[in-house]
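Trainee: I should like to examine how the terms applied to this model are justified. May we take them one at a time?

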Amino acid sequence: MKNNNNRGGSARSGGSGGKRGSAAGSYGKGGSSRGRGASRPTAAAAEIEGLPVAKNDEVTLDIIGMNHSGEGVGRADGYTLFVAGALPGEKISAKVLMTKKQYGYAKMQKLLQRSPARVEAPCEIFDRCGGCQIQHMDYAAQLEWKRQQVADSLQRIGKLNVQSFVAQSANGTSDEDENLEGSTRVSGDTARAGAHAAGLGEASRQGDAAYEVSPAADPAASTQSEAAEYALEASTDQPRQTLEAEAFGGGEGHEDSGQPGEESRTGNAAAEQTPEAAGTAGYDENAAVSSGGQAAAGEGILVPPTLGMSEPWRYRNKAQVPMGEESGRLIGGFYARGSHRIVDMQTCIIQHEANDEMVEAVKAIGRELGISAYDEETGRGLLRHVVVKVAFATGEKMVVLVTNSDRLPKAEQWIEAIRERVPGVRSICHNVNTRQTNVIFGDKTTVLWGEEVIHDYIGDVKFAISARSFYQVNPAQTEVLYGKTLEYAGLTGSETVIDAYCGIGTISLFLAQKAKRVYGVEIVKEAIEDARKNAEINGITNAEFEVGASEDVIPRWRELGITPDVIVVDPPRKGCDARLLETIIEMKPERVVYVSCNPATLARDLRVLEDGGFKTVKVQPVDMFPQTVHVEAVALLERLVELPTD
């Protein structure tokens with residue numbers, strides 16, 4: 001939980017999932033007043049001349065929104081301050097930590113009025129760990145906040161019309177309930193709280209969840225992120241070379257492969273944005289309560305309520321834990337906020353219990369064997385990361401030791417101890433990473449004992465999961481996500497489907513059950529090898545896979561006469577390559593299904609496709625990462641009928 005006195009700025013009260021406070025809350029109008037005891041900034045004290053606040057000033061803020069790092073947004077005499085731990089609708093007293101020309105950071109000192117969406121974070125280390133950002137927000141409000149992120153992106157970045165959204169009242173349903181596909185319902189209070197929180201533009205996402213990435217970013221970093229540059233581009237129609245040159249971070253699918261963008265995955269993009277980039281300029285909290293769409297009810301794009309989990313805890317099937325030393329003792333856990341200091345931990349409540357148990361067992365074995373931890377400053381030490389995976393459907397487990405050496409000392413003792421203390425372990429692997437980098441895996445992986453893979457199921461489809469292969473970390477919600485993808489594809493058994501960015505074939509094999517033929521393409525060679533193996537495991541013969549960039553391979557397929565009825569794209573966070581979008585427009589499939597992990601690039605790409613002759617019908621948000629700021633979405637586009645020309 002965030003503590004009011006730490007940099008995260010939230011007190012330990014509150015409850016369903018995030019930073020905790022201590023007082024009741026009510027909505028403010030976005031104004032602010034300087035708290036008693038605050039000194040007026042002087043020319044000597046002000047970091048930047050002319051600002052209404054200076055470092056160490058104490059101010060009273062009404063929190064009018066929440067950025068995409070989960071920080072509350074307040075205004076001091078029109079100047080934007082980001083406050084970790086504060087929720088929209090709250091009034092707080094805060095101390096200014098740092099100022100920049102157009103925005104700054106403050107630390108919450110006292111919670112004066114409490115949001116109805118505030119709950120107590122159940123995690124004992126929430127105030128220090130960066131894995132979850134919004135445990136202090138009621139889960140229903142989290143779901144609506146994520147829906148609002150998607151809706152706002154579509155309008156602000158994509159310039160698309162979005163159907164208005166009417167929250168369910170506390171005593172009944174709205175007149176528009178029949179349009180919401182029977183999805184998650186939220187009360188009027190929590191819907192307004194969530195929508196109010198989503199007032200900022202769609203510009204950034206951090207690493208996916210606990211243990212996912214090595215470094216913790218410093219929010220005070222001065223370099224503007226790719227995400228902020230994208231937001232500026234999206235609002236100013238500037239060239240998109242920034243996005244084409246580098247990924248936002250590659251997303252979960254590229255975290256293990258060392259793909260471009262891995263080095264900057266943890267950048268606190270939202271914190272580094274200018275107010276214009278973050279969408280704070282001209283922010284109207286009243287407008288944010290609605291979906292932001294200009295369309296009347298029944299018109300525009302439908303953005304239904306976010307599909308959430310009935311139990312939004314213990315959902316992750318993989319943990320990637322950095323190792324360190326404390327007083328000569330091997331530890332492993334997470335990076336403290338704003339630092340590279342590892343804080344030891346025993347449990348993570350969004351991880352499957354088996355992952356906690358495996359990590360603790362490996363740490364204990366390492367201590368007994370006298371294993372040293374890698375020191376990123378000196379480049380010395382052996383054990384860099386412990387990666388563990390558990391298959392929810394089969395219970396099979398994998399342990400991967402990532403080391404700074406080709407040789408694993410005491411390998412036989414490692415194997416014997418892991419087999420003894422990890423019931424159900426099927427695979428023990430050794431990965432070598434001798435580079436000075438924050439990419440977790442190196443290129444060389446060997447099997448120390450057992451199988452090369454473990455197996456799991458999504459629906460009826462069986463998948464082989466190797467040490468480095470990408471597999472969605474929330475299998476329950478993956479089935480929801482892929483089920484929605486299959487629904488939107490509208491397959492009858494006669495269609496030809498292309499799956500761009502197919503990875504290990506998860507979506508392709510889902511689609512192959514209902515399609516005539518599926519063609520999958522992926523740039524990572526190892527992923528295609530896994531996709532072919534997975535097709536063989538399931539006896540699926542109507543799916544074929546090719547290595548290469550989608551924007552290169554699909555045009556070649558077109559030249560060979562392959563004409564898809566449906567194209568499915570599931571790109572990394574940077575979105576689709578411009579050439580791929582051009583190819584889709586030229587191929588004119590009946591439907592396009594876009595699976596997205598970044599609402600900003602989704603909105604940008606939908607705008608391109610709409611301009612090319614497609615209509616976005618609906619965009620369904622899916623909560624793949626409860627308690628975090630991340631949201632997935634599935635969009636359905638249909639090709640417009642071309643009118644004959646005279």
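Trainee: Are Glu-144 and Arg-147 buried or exposed?

Mentor: Both residues, Glu-144 and Arg-147, are buried; that term means under 20% relative accessible area, whereas exposed means over 50% and partly exposed lies in between (1.4 Å probe, protein chains only). This is a predicted model, in which local features need pLDDT of at least 70, side-chain atom pairs count only at pLDDT 80 or more, and totals for chains, interfaces and linings use all residues. Residues are numbered from 1 along each chain as its sequence is written, and side-chain values use heavy atoms, with hydrogens and water left out.

Trainee: What makes the contact between Asp-623 and Lys-146 a salt bridge?

Mentor: The term requires a side-chain nitrogen of Lys or Arg within 4 Å of a carboxyl oxygen of Asp or Glu. For Asp-623 and Lys-146 the N to O distance is 2.6 Å, so the pair qualifies. Asp-623 lies in the loop between strand E21 (614-622) and strand E22 (632-639), and Lys-146 in helix H1, so the salt bridge ties together parts 477 residues apart in sequence. Helices (H or I, at least four residues) and strands (E, at least two) are DSSP runs, numbered from the N terminus.

Trainee: Why is Asp-344 called buried, and why is Arg-367 called partly exposed?

Mentor: Asp-344 has 17% relative accessibility, so it falls under the 20% limit. Arg-367 has 28%, and therefore lies between the two limits.
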